[in-house]
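This report walks through a protein model, moving from its strands to its interior and then to a few individual side chains. Please keep the sequence and the structure in view while reading.

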Amino acid sequence: MTLGSLIKNNTYLLLFCNKYIRKNKFINKKKSNIISGLKHSLVLNTTFEILGKNNKILINKGCNIKNCNFTIYGNNSIVEIGELCTLSNAQFHLEDWNSSVEIGNNTLLTGKIHIAATEGKRVQIGNNCLFSSDIDIRNGDSHSIIDILTNERINVAEDIIISDNVWVAT
């Protein structure tokens with residue numbers, strides 16, 4: 001493959017950026033955790049903080065990820081980013097065991113977005129979605145509310161599912 005053909009199809013730019021200006025940060029990445037897809041997407045100034053084991057961050061090909069934070073506290077959790085997604089200034093926060101965040105193909109998160117999955121539940125966003133800035137998606141509220149009559153917790157986390165072709169704005 002010639003340099004001209006690489007530049008023409010943006011492969012050269014993708015290879016250049018991943019090799020020289022990635023500037024990503026990895027914190028406490030144990031051997032049992034997996035981060036895949038970094039060589040097939042543009043990932044810049046992004047932090048991966050994983051405290052736990054058997055966690056996965058899967059980035060499918062052709063993504064553009066810039067200034068994001070992926071934080072996992074717990075075990076057996078997964079973040080999967082679909083193909084051709086653009087994520088800018090997004091925060092992914094997973095707590096507890098078996099929590100997940102799934103982003104569909106060709107979805108754009110355009111700035112200052114926080115997505116939190118807790119208590120083994122998931123946040124799923126479909127294909128071809130668009131999110132503006134200042135969006136906060138949480139499947140739980142990170143503290144317990146107890147019914148004083150039954151002494152039972154009434155605010156357990158639940159799955160959040162956002163279908164295909166959805167626009168979420170401030």
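Along strand β14 (residues 122-125), which side chains point to one face and are buried, and which point to the other and are not? The model discussed here is a predicted one, and in it the side chains of β14 alternate. Val-123 and Ile-125 point to one face and are buried, while Arg-122 and Gln-124 point to the other face and are not buried.

## Strands and their pairing

Strand β14 has partners in two other strands, which can be described in turn. With strand β11 (residues 100-103) the pairing is parallel and runs over 4 bridges, and within this pairing Glu-102 has Gln-124 of β14 as its bridge partner. With strand β17 (residues 160-162) the pairing is again in the parallel sense, over 3 bridges, and here Val-123 stands opposite Ile-160 of β17.

A further set of 6 strands forms an open sheet in the order β3-β6-β9-β12-β15-β18, with parallel pairing. Because β3 (42-44) and β18 (167-168) stand at the edges and each has a single partner strand, one side of each is left without a neighbour in the sheet. Inside this order, strand β12 (residues 108-109) and strand β15 (residues 130-131) run parallel and are joined by 2 bridges, and the bridge partner of Leu-109 in β15 is Phe-131.

## The nonpolar core and the aromatic residues

In soluble globular proteins, nonpolar side chains tend to be buried together. The largest nonpolar core of this model has 32 residues, of which Ile-81, Phe-92 and Ile-115 touch the most other members. Phe-92 counts as buried, with a relative accessibility of 1%. Leaving aside neighbours within four places in sequence, the contacts of Phe-92 include Phe-70, Ile-81, Leu-87, Val-101, Ile-103, Leu-109 and Ile-115, and also Asn-69 and Thr-71.

The structure holds 3 aromatic pairs, and Phe-26, Phe-48, Phe-70 and Phe-92 form one aromatic cluster. Two of the pairs are set out below.

| Aromatic pair | Centre to centre | Angle between planes | Arrangement |
|---|---|---|---|
| Phe-48 and Phe-70 | 5.1 Å | 10 degrees | stacked |
| Phe-70 and Phe-92 | 4.7 Å | 10 degrees | stacked |

The pair of Phe-48 and Phe-70 links distant parts of the chain, since Phe-48 is in strand β4 and Phe-70 is in strand β7 (residues 69-73), 22 residues apart. Phe-48 is buried at a relative accessible area of 1%, and Phe-70 likewise counts as buried, at 1% relative accessibility. Phe-70 lies in strand β7 and Phe-92 in strand β10, so this pair ties together parts that are 22 residues apart in sequence.

## Two cysteines without a bond

Why does the structure hold 0 disulfides, although Cys-63 has a cysteine sulfur in Cys-85 as its closest? A disulfide is a covalent bond between the sulfur atoms of two cysteines, and the cut-off applied here is a distance within 2.5 Å. The sulfur of Cys-63 is 4.7 Å from that of Cys-85, which is too far for a bond. Both residues are in the interior by the accessibility criterion: Cys-63 counts as buried at 2% relative accessibility, and Cys-85 counts as buried at 1%.

## Two polar residues

Where is Asn-55 found, and is the residue buried or exposed? Asn-55 is in the loop between β4 (47-51) and β5 (56-59), and is buried, with a relative accessible area of 0%. The side chain of Asn-55 reaches the backbone nitrogen of Asn-76 at 3.2 Å. Not counting residues up to four places away in sequence, Asn-55 touches several residues, among them Ser-32, Asn-33, Ile-34, Gly-74, Asn-75, Asn-76 and Ser-77.

Glu-95, by contrast, has its place in strand β10 (residues 90-95) and is partly exposed, with a relative accessible area of 26%. A polar contact of 2.8 Å joins the side chain of Glu-95 to that of His-93. Apart from neighbours within four places in sequence, Glu-95 is in contact with Tyr-73, Ala-117, Thr-118 and Glu-119. The C-alpha atoms of Glu-95 and Ala-116 are separated by 7.9 Å, although these residues are 21 residues apart along the chain.

Terms used:
Residues numbered from 1 in each chain as written. Predicted model: local features only at pLDDT ≥ 70, side-chain atom pairs only at ≥ 80, totals over all residues. Heavy atoms only, no water. Buried < 20%, exposed > 50% of the residue type's maximum accessible area, 1.4 Å probe, protein only. Core = buried A, V, L, I, M, F, W, Y, C linked by side-chain atoms within 4.5 Å. Contact = heavy atoms within 4.5 Å. Polar contact = N/O pair within 3.5 Å; in protein donor to acceptor, adjacent residues only side chain to side chain. Pairing = 2+ DSSP bridges. Phe/Tyr/Trp six-rings, centres within 6.5 Å; stacked < 30°, edge-to-face > 60°.
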